[in-house]
Each structure stands twice: as structure tokens, then as C-alpha cells.
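Visitor: I would like a close look at a single part of this structure. Please take one strand and go through its surroundings slowly.

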Amino acid sequence: MASVSPTSTVVEPPLAEYSRFVQRVRRRHADLLPLLAQGVPDGASIQALIEALLATGRPLPSALRIARQLVLERLAVLDVEQHARLEDVTSAMTALAETTLEAALAEARAQESERHGQPRTAAGEPIEFWIVGMGKLGARELNVSSDIDLIYVYEEDGETDGAVPISAHEYFAKVAKRLYALIGDTTDDGFVFRVDLALRPNGNSGPPVVSLSMLETYFYAQGREWERFAWLKSRVVAPRAAVTSGRALQLRDLVTPFVYRRYLDYGVFEGLRQLHLRIREEAQRRAAGRPERANDVKLSRGGIREIEFIVQLLQVVRGGHFPEIRTRSTLRALQKLTAHGLMAPATAERLARAYTFLRRVEHRIQYLDDQQTHLLPTADGDLGWIARSMELTCSADACELLDRLGETREFVALEFDALLHDGRSPPTRGNGCRSCGGTPLPVDDEGFLAKLPGELGQRVRQWVQQPKVQALRDDSKLRLARLVQRAAEAVERQSCTPEAALRFIDWLEPLMRRESYFALLVERPEVQARLLRLLGLARWPMRYLMRHPGVIDELADRRIIDQRFDRAAFSRELDERHAAWERSGEASEEALLDTLRRAHHAEVFRILVRDVEGHITVEQVADDLSALADAVLERTLHWGWHHLRKKHREVPRFAVIAYGKLGGKELGYGSDLDLVFLFDDEDEGAAETYAGFVRKLITWLTLRTSAGELFDIDTALRPNGNSGLLVTSLQAFERYQLGRGSNTAWTWEHQALTRARFSAGDPSIGVRFEEIRRAVLSAPRDAVALRQEVQAMRDKMRAARPVKDGLFDVKHSPGGMVDAEFAVQFLVLAHGERHPELLDNVGNIALMLRAQDGGLLPAGVGSAAASAYRELRRAQHRARLDEQPTQFPPEQFKESREAVLALWHAVFD
């Protein structure tokens, strides 16, 4: 067919037969084209094609090569003429590679085994050999003229059992050589795939095959940062039986910890930066004097490789903590990164469109002559055909294809540069470091220290004399200097306070052995800027960040301010993470405990940032912290039961009841949890099973792991206190609370019940608990005796919490929050029978207002006390955030104190 010049005014629909490669296939194999089943080729149809070719008398090498040509011809038609999806093309190419490798491996092993026998271990067990697909083959994204990156791995050392025995290593090296001949050699029928083994350990200087133990040693002793990106996409592609049997999972267990580290791995930025620099320099070198080489859709600036690097970098940095973002596929990874807040949806969508566009252009370039090239052709006819096949135009005057390509690559390049910058802040006009620029100096260099301003310079000078600073590597000292310099510049620009900069230095001090956090801040200057602002607002954030430094990564996410805690989304993300741990074979109790802690720490930090920056009220802080605790308890209960060895049912008939601060939804930062555990299960072994389960739950909730702590748990409010059983049947709890029998609850336990609620577990038990609770609170009582008991308990608490003369403690002094809480509890217990509106667990402020509306308090007393209680809570909250005492001069809260005392006298006098 004659090609149509791109300058022609007649636009013909593009046909696959414009491709010189398609023309050759049709001339040579026209009679064989019908052997390939209609539609998109898959593993089954390709296998049937190979068998049909073998049935004509062709040897396997010829059948494999002709099968490849027939599949590519079909894909050219489907892609160019029918606009097949990119995923259809790449999956078909991947199936072609897998099917041909499977056949070639079987042939190669059969030939070697005929002479040498089967390789076996010393115990006589057969040794498996795996072909590991890397890059696009591993990701099932193979392009139409791609080479295949392979690594050959065998299980362990041994010897063959044939007439001429050789070592397993020699045997598999021979198999690998035969494989190359069957797949990679060019014959009269062409080749099947170009084979590249350069990604194996030690590259082209390494042995062609490696054992699992050799690979493990290499990973730990010599594995380089860039190799982690290569192995991210790895998978066993043949033999298929090794995958279906699960035997190849041994390899996954080695690769996963090499690729994904159990921390936020920002140190990998520099490794990828250097790798990308070499790739760009190589691309520029090849393009020198050859301007047409600048249009490389894969390796040039803004090309396919940069999209892959963006995705892989985010995965490697966070994949150790968040297994749910792990995937080999670039397009699926973009979706996962968006779903978990690691990339803006609009950015991910544009990158996905860019990737698809560039890959489709790449395929059309390769359809032309079946060459492994990514360069746009220079011939007008070829360029016009590519444009028309993508429903674009290209003429001598204007070329939509080139315009679209330029826009796409510019967007990708900007996104890549924004992510993989050199970690330096933008230049500023401030001179807080007085000419700190120029050649970078380490943090302990006198020239650097002399340029730091005032008190900051003095603090850093003292700091760098410490042995742990002196022991740091040179690159770490340079990173520290960069961070200190930014802090100085922030003070000069007045974007943070001098006190914040000093707190930043104090925060860095205990992290000297955890250099990944230095890397994080160096790579994310906007995170350091927000951290400095946060440290200037209160002291407690610094304390929290010292205990949980990993949460600073949350500062990179704008949702930290724009959104409130979402319990459903939090639980959903945790379940996705749990499922991802299970898929990766890493769902150990240790991993789950760390997952719970990291998720809780991150969410507490988000709440803390919103709180300190004034975006939510004290009441909203308590609501969110309480909802977060409920969600963590629910997930812990669910996961803990799943991992309980001895259980008699799939779903436990069990519930967690919250008392105290959590029960009243007034939880603060670091508050312990007052919990009671109930079950409603008639199985004869239920009591023993749930007792073991509660011990497991408490361990999961309280154990300090490498990720830190979760909660302190107090179970003293259970029936019979610390001398009672850890878990109580619902029936026994009801008898105890309602005073049926000799073992009954005390008044103070009924006081505690006013703030109790269902928190997690079986909702039906929660409904029954609430019925019991309301029955207890509405039971008739002797008001005089009740008043005396409540007052006696208050006196006992006051004696245990003395306050210095001349000070007012917003919680414990007369007229403080505890007085208001005791007054509310008395009102509920004394009047709940006739005023059911008081039985709702709606918090102290709402109950004061309801008591006033119900005529149980003089007009204005309840509302004044409610306002006072709110103000005292705020004061307590602010003081604790800044690590200040909660005791003040009495006159500072005179009105609030008098309002609470008026409530106390109205209730108890």
C-alpha cells in the first residue's frame, strides 16, 4: 500500500499494513495467520498456536519465532485499526513471553536432563529453577518490540543424578545457555525475544544463574539502591507450576524486605536521583549532534521512564509501612497512591493519561519495523501514519502529534523535577544564615557555625560537640547543616519563632541514629517549614514528635488541615493494610501491632495539628480522639480474634464497654482507657476462651513495640474491680449492677456508669448493655443517702489531690471540673427515673442544660455551669498542650469557679 503524505489534504484511516514489519509477516506467513484464534491473544490461544505450528513439522525454535510474528501482526491490527486498549496489548505481549519461556524452559531442561539427569539436594529432593521476569515483563506491561529482562534463580545447591553428574549450578547454567539459544538467537525465522541478563547480581560480570542463598547474600552485602527499583517489578514467570504450587514464594520472602524497608525510606531519593542523572546524561550523550534522538519517548526528559520513577519512588519510600500501595503495574500504582492520599487525584489522572499516550506512541514506533527503539521517526510518512493512528493530524505546517507530545512530556518533567529536586529550599531574600550559601559545609564546621545567628548558633555549637554528632557520616553532617540553615532562614523571614528553631534543634538531638528522618526533611522542605511553625505554637507537639518522629511525614498531606477524622475511612484503610500484609505473607502479629500503632500515631498527630493551629475546638478534639480510640479498639478486636488460635466461632459474641474519658467522649492526648469486657455466649468453653482473648487484646493494646505504644488500659471498673474476672458475661454484669444477689455494685460504680457506653464489638451486646445501663441509672434511690455517698466520694478524691494554697486547679479545686462532674452524676442517679432525658450519654455540658430545662436546677445555674465547664476544659487543654501547670491564680477563673460552685450548692445543699 502506498503511504499517504502527511501534507495531503485527504485523510485516510490508518491501516496496520503501512508497517513494514506487518508487510513482511503477511508476505511470508499469509497461510499461517488463520492459525491464531480471533481476538486479543492470550496464553491459551498462543499455546494453541505454538502447538499448531509444531504440528506442521516445524521444530520448537521455529514455532516460537513464527508465533511471535503472528501475535505482533494481530496486535498491530487491533491497536492501529481497532484502537485496542493499552492493557490488551501489553497483556498479550506478556502472555507471549510467559508462554514461550515456559515451552523453552521445558525443552532446555529435557535436553540437559537427558545427559546429566535431574538436579537434587543432598536429601534427594528435586531442585527447582525459576525464570524471574523483571521490568515490564514482571509488571505485565511488555511493549511490542521489547527485550525481556530476566534473572535465573535456583533453589539450592546440589548435584544431578544422571550418568554424567554435575553440580546443580553447572546444570542450571547450561539450561540458561540453552534458553538463550531457544529464545534470543536470531535465525532465519527471526527471534522470540531479545534477552537481557544485566540486572542479575553483579550484572554482566556475575554468574548467569544464582541460588537463593547467593541472592540473599548479595541483597544484604552488595545490593544497591537502584536495584531495589528493579526488583520491585520482579516475579517468577516460568515455570508456571512453581507459582501455582506456592514454592516460588521463597523468592518473594527474600525480595520484599530488600525492596521495602520497615521505615519511611527517604534515603532512597538520592539513589534514584543519581540513577536518573546517569540515564539523562546517557540520553543527552547519544543525542549530541543527532537532534532526532531528542525525541525519545522513553528516556528523554518527560518520557515514560520518568513516570515510572515517580511511581516507584513513592512506593519504595512508603511501601514498607503501607503494603496496600505495592503493585508492579504503573497504572494501578497511580490509582493506589491516589486512594491513600500520596498523590493528588488530578496529578495521578494526568500522569496516567500521559503514560498511556506515550506507551501508545512507543508501540506505533515499534510496529513500523519491529525495532527496539523509542525514537520518533523522522520520515514524514511514518510520522503522519503514527499521528493518524492516534486520531491526530500531522502536516508540514502543523503537527498535533508533536504538540501533544511536547505538552505531555513537559508536564511529566515538571512533576518529576518537583518530586526529585535536590532537597534544597527555593532561594530567599533573607540572610538569616548570613551568606550560608556557597560550598556546603558540615554542621560541625566552624565556618558554618560562625554564620548562625545568636542563640541558635550557641545552641548548635554546644550540640555538635556531642560524640553522637561527631560520629555521624559526612553526608549526614551536610544534611544536618542544611536543616539548621533552613531553620535560621525561617527565623529571619519570621515564618517561625526563634523558640521554634531552638525546639527544632532539641527535637533533632535524639534522632542522630535515625538518619532516615534527616533525609525526609531534606527531601521535603515544605514539611520542615510546617514543622517549625508547629513547634512554635506549643511544647507538647515536640514531645509527641520525639516519641513518634515518623509522623512528620503527615505534614506533607494537606488533608491534615482540610479534613476531620473519618472513622469509616480509617477502618477501611486499616483493613486494606491487613489484607495487603496477608497477600505479601507478612501478616505476623508483630506487623499488625506496628500497623495499629503507626496508624493511631499518625491520626493523633493530624488531630494535634488541627488543634494547635486552631482549626478545631477542644470538644471536637475530644470527639475525634474518642472516635479514633473506638476505631482502633474495633480493628484490634477484629484482628485479634482472627489470629486467636483457640476459638469456637468465626465472629465473637463479645463487646468492649468504654468508661471514664472515653465513655464520655472527652478523651485527651495520652489519656488511658477505662474498659470493661463483656460476652454473651452460651458455649460451655466461652468464659475461658474470652478470658484468653481479653489477655491477648490487652497485650496488643499496651505492648510497647518498635513502633511505640498504643494505650494504657485500666480495667478496675469491671465488676468487683481488680479482684474480679477480666471478662464478664452479660447476665452476670446485669445481676451485679442491678443488685440481684449478694454481689452488687457500689454507688461509685453507678456514678461511673453514667459515662459508660458501647465502644466496639458485637452491636447486639451494645444494645443490651445500654438497656441495662438505663435500668440501673433509673432505679429508685434514697436521695439523702445518695447525696451523702457522692459527697463522701468527692471528699475522698479531694484529699487525694491536694492543691497548694493560693492556687486554683481547674480540675481538682472546689469549683473545678470534678465538682461539676459529680453534680451531674448525682442528678442522673437521683432523677433519672422521672427524667429519662438525663439517661442519655451526651456529655456533662448537655446534661447540665437538660437538668436546668427539666426544673432540677435554678434558672441560669445550669447554663452558667455549662459555660464554665467548657472554659475550664479549654484552659486545662491549652496548659497541657504547652506543658504548663493547670493551677492558676484564683482570680483568673473567678466567674467560672463561682458558676460551678453555684451548681454544687444547688445540688448538694
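Guide: Strand S3 is joined to strand S6 (residues 209–211) by three bridges, and the two run parallel. Strands here are DSSP runs marked E of at least two residues, helices are runs marked H or I of at least four residues, and both are numbered from the N terminus. Two strands count as paired if DSSP finds at least two bridges between them. Within this pairing, Ser 211 of S6 stands opposite Tyr 154.

Before going on, note that this is a predicted model, in which local features need pLDDT of at least 70 and side-chain atom pairs count only at pLDDT 80 or more, while totals for chains, interfaces and linings use all residues. Residues are numbered from 1 along each chain as its sequence is written, and side-chain values use heavy atoms, with hydrogens and water left out.

S3 has further partners. Strand S5 (residues 195–196) runs parallel to S3 and is joined to it by two bridges. Asp 149 has its bridge partner in S5, namely Asp 196. Strand S2 (residues 129–133) is antiparallel to S3, with five bridges between them. There, Ile 131 is matched with Tyr 152 of S3.

Next comes the question of cover. Buried means under 20% relative accessible area, exposed means over 50%, and partly exposed lies in between (1.4 Å probe, protein chains only). Strand S3 spans residues 148–154, and seven of its seven residues are buried, so the strand is largely enclosed by the rest of the structure. This applies to both faces. On one side the buried residues are Ile 148, Leu 150, Tyr 152 and Tyr 154. On the other side they are Asp 149, Ile 151 and Val 153. Tyr 152, the bridge partner of Ile 131, and Tyr 154, which stands opposite Ser 211, are thus listed on one side, while Asp 149, the partner of Asp 196, is listed on the other.

Buried residues also occur elsewhere in the model. Arg 773, in helix H33 (residues 763–777), counts as buried because its relative accessibility is 1%. Its side chain reaches the backbone oxygen of Leu 839 at 2.8 Å. Cys 496 is buried too, with a relative accessible area of 8%. Cys 394 and Cys 399 are both buried, and a disulfide (a pair of cysteine sulfur atoms within 2.5 Å) joins them, with an S to S distance of 2.1 Å.

Key
Polar contact = N/O pair within 3.5 Å; in protein donor to acceptor, adjacent residues only side chain to side chain.
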